[in-house]
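Good morning, and thank you for joining. I should like to take a few minutes on one model, now shown on the screen.

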Amino acid sequence: MTDAGRRCAIIVDDSLFSRSRSKRVELLANVYDHVSHRYTKGFRLLVLGWTDGNTFLPLTFCLLSTSKGKNRLNEADASVDARSNGGKQRKLAQMEAPAVVLKLLQEVKAASVPAQYVLFDTWFCSPSSLKAIHDLGYDVTAMAKKSKKVRYLCEGKISNVKAIYKEHKKRRGRSRYLLSVDAVAMKQGESLVPVRLVFVRNRNKRKDYLVLVTTDLSLSEEEVIQLYGKRWGIEVFFKACKSYLRLGKDCRSVSYDAMTAHVAVVCTRYMLLAVEERENTDGRSLGELFYLGLDELPDLKYMEALRLVLQEFAEQLRAEYPSEVLLVESLLERFLNDLPALWMSRLRAQKCA
């Protein structure tokens, strides 16, 4: 867990921050809920978190409203100074999500958070996002969109992922991936960044497939799949915050500052629990005690168990036939002689009769 070669990543994702019964909440908006597939009043909670594959820690966040339009229900408080932190947060909340992600990633980069990769799903995956994040110094591993509008330059031909999948031969058998091709992400005919597309089976639909894209061409296909699997940590974070830490229930304020402070408190609670679990619950983090435990585990080996069974058998025979002790010992000696030489040498060292 402390190996310098361990791949650490920053995960980007958002979740619904519902205020469905509110009317006067600052910057309240109609946002789309991808679970219920309908619009509801609230915010999109955009979170950037760090993970090493075992522990997830939230780093920064933003309660996203919407840009000006019919989905914006309330405006920001005009009395808040735009130069203050509250004013900057309100301005950030009204920007598009990809621009907010880049802004938060710049803050994480300035804080020297140890991470080499950025992980996210299809919602944030676009050629321009891949290019912008790669220019910040991070490699991206994400779920690619199976859209005709997102195109790649593959083997001299500009195609979308569906066309690439049809034109290439797939791997047979129980391979962890179906297809892997190197390509270049394109936008309006302009080459942006080299990528690798890894096509994997969809576990929920065996006839369907998913597409992973990475800007790190040094990774093997198995490493790309394993790395993207670390993104699941942020889903556990959202579930824990909503179900146990009362993310959407404890704050009924109409102030944007109060809601931001509430989310910060919930994230702090989660970080304390995550660190506590890492240090005290997970056996892999107990240091020297773990290695001592490993030495204790093989004490009761197969030979030791066999010796204990034979010892108990001999004691039962002596108790049942106390006058036939010599016969019992003779039978046991004959049994030991019939065992393989390796077993016999070890058992004689701790003779049970």
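I will discuss the cysteines, then the nonpolar core, and lastly one loop residue. Please bear in mind throughout that this is a predicted model.

Let me begin with the cysteines. A disulfide is a covalent bond between the sulfur atoms of two cysteines. How many disulfides does the count come to? The count comes to 0. For C241, the nearest cysteine sulfur belongs to C267 and lies 5.8 Å away. Because a disulfide requires the two sulfur atoms to be within 2.5 Å, C241 is in no disulfide. The statement holds in the other direction: C267 is in no disulfide, and its nearest cysteine sulfur is that of C241. Are these cysteines buried or exposed? C241 is buried, with a relative accessible area of 1%. C267 is buried too, at 8% relative accessibility.

I turn now to the nonpolar core. The largest such core contains 87 residues. Those that touch the most other members are F43, L45, F120, Y152, L197, F199 and F237. Let us take L197 from that group. Leaving aside residues up to four places away in sequence, L197 is in contact with Y152, V161, I164, L179, S180, V181, A183, V211, L212 and V213.

Finally, the loop residue. Where is N202 placed? N202 sits in the loop between strand 10, residues 190-201, and strand 11, residues 209-214. N202 has a relative accessible area of 11%, so it counts as buried, the cut-off being under 20%. With residues up to four places away in sequence again excluded, N202 touches D208, Y209 and L210.

Thank you for your attention.

Key: Residues are numbered from 1 along each chain as its sequence is written. This is a predicted model: local features need pLDDT of at least 70, side-chain atom pairs count only at pLDDT 80 or more; totals for chains, interfaces and linings use all residues. Side-chain values use heavy atoms; hydrogens and water are left out. Helices (H or I, at least four residues) and strands (E, at least two) are DSSP runs, numbered from the N terminus. Buried means under 20% relative accessible area, exposed over 50%, partly exposed in between (1.4 Å probe, protein chains only). Contact means heavy atoms within 4.5 Å. A nonpolar core is a set of buried Ala, Val, Leu, Ile, Met, Phe, Trp, Tyr and Cys residues joined through side-chain atoms within 4.5 Å.
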